[in-house]
Amino acid sequence: MTDMSKIKGILVRFEEMATAGFAIAFHIRLTAPDFLFQTYPKEWIDTYSEKGYVMVDPIVRWGFTNTGHIRWSGLADLDDQNILEQSLKYGMVYGVAIATETGSSRSVAGFSHKDREFSDDEIATLEADVRALHDL
């Protein structure tokens, strides 16, 4: 299987698992990623961009200082701009943040569900896939 086929396969799996969308910034150096994939609702992406939320987003803040995963419900202390609360009206009710790093390159991802928390098994799959895409 070619790298492009692997990438497409993983992205399809992300779309199936994250029913309310996802965003992944791969190989962030300084503040800009080499690759950015987003499937969150367009209205949320537009609002997020217009208000410049990236540097105060609790998912991004957590992802710049940690590796591994955390459910969005565990990010309340980092959400002083109420970004996760604002995302509720776009159907992004539950979620998980995942971050990985190799050398000086970091990738940060957020995955969301409308109606339930991600299971531990789902999080393990998402985390392994984020690492695989980071490595590819």
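Which residues of α1 are exposed on the other side of the helix? In this predicted model, the answer is Met4, Lys8 and Glu16. The opposite side of α1 provides the contrast. There, Ile10, Leu11, Phe14 and Met17 are buried. These four cover an arc of only 125° around the axis, which puts them on the same side of α1. The pattern fits a general property of helices. An α-helix has 3.6 residues a turn, so residues three or four places apart point the same way.

Helix α1 itself runs over residues 3-17 and has 15 residues. From its first C-alpha to its last, α1 reaches 21 Å. This is close to the 21 Å expected at 1.5 Å a residue. Several elements contribute to the cover over its buried residues. Among them are two strands, β1 (22-29) and β2 (32-38). Strand β5 and helix α5 (120-135) are also included.

Strand pairing was examined next. Strand β3 spans residues 68-71, and strand β4 spans residues 94-102. The two run antiparallel and are joined by four bridges. Within this pairing, Gly68 stands opposite Ala99 in β4. Strand β4 also pairs with strand β5, which covers residues 105-113. That pairing is antiparallel too, and nine bridges make it up. One of its partnerships sets Gly95 against Ser112 in β5. Strands β4 and β5 form a hairpin with two residues between the strands. In this hairpin, Gly103 takes a positive phi near 60°.

Charged side chains were considered last. Side chains of opposite charge can pair when their charged atoms come close. The model contains nine salt bridges. One of them forms between Asp80 and Arg61, whose closest N and O atoms are 3.1 Å apart. This pair links distant parts of the chain, 19 residues apart. Asp80 sits in the loop between β3 and α4 (83-87), whereas Arg61 belongs to helix α3 (residues 58-65). Asp80 counts as exposed because its relative accessibility is 53%, and the cut-off for exposed is over 50%. Arg61 counts as partly exposed, at 29% relative accessibility.

Which residues do shared salt bridges join to Arg71 in one network? The first link to consider is the salt bridge between Glu117 and Arg71, with the closest N and O atoms 3.8 Å apart. Glu117 lies in the loop between β5 and α5, and Arg71 lies in strand β3. These two residues are 46 residues apart, and the pair links distant parts of the chain. Glu117 is partly exposed, with 27% relative accessibility. Arg71 is partly exposed as well, with a relative accessible area of 25%.

Arg71 also meets Asp120 in a salt bridge, at 2.8 Å from N to O. Asp120 lies in helix α5 and Arg71 in strand β3, so the pair ties together parts that are 49 residues apart in sequence. Asp120 counts as exposed, at 58% relative accessibility. Salt bridges with shared partners thus join Arg71, Glu117 and Asp120 into one network.

Notes: Residues numbered from 1 in each chain as written. Predicted model: local features only at pLDDT ≥ 70, side-chain atom pairs only at ≥ 80, totals over all residues. Heavy atoms only, no water. Pairing = 2+ DSSP bridges. Expected span 1.5 Å × (residues − 1). Buried < 20%, exposed > 50% of the residue type's maximum accessible area, 1.4 Å probe, protein only. Arc of directions from axis to C-beta. Contact = heavy atoms within 4.5 Å. Salt bridge = Lys/Arg side-chain N within 4 Å of Asp/Glu carboxyl O.
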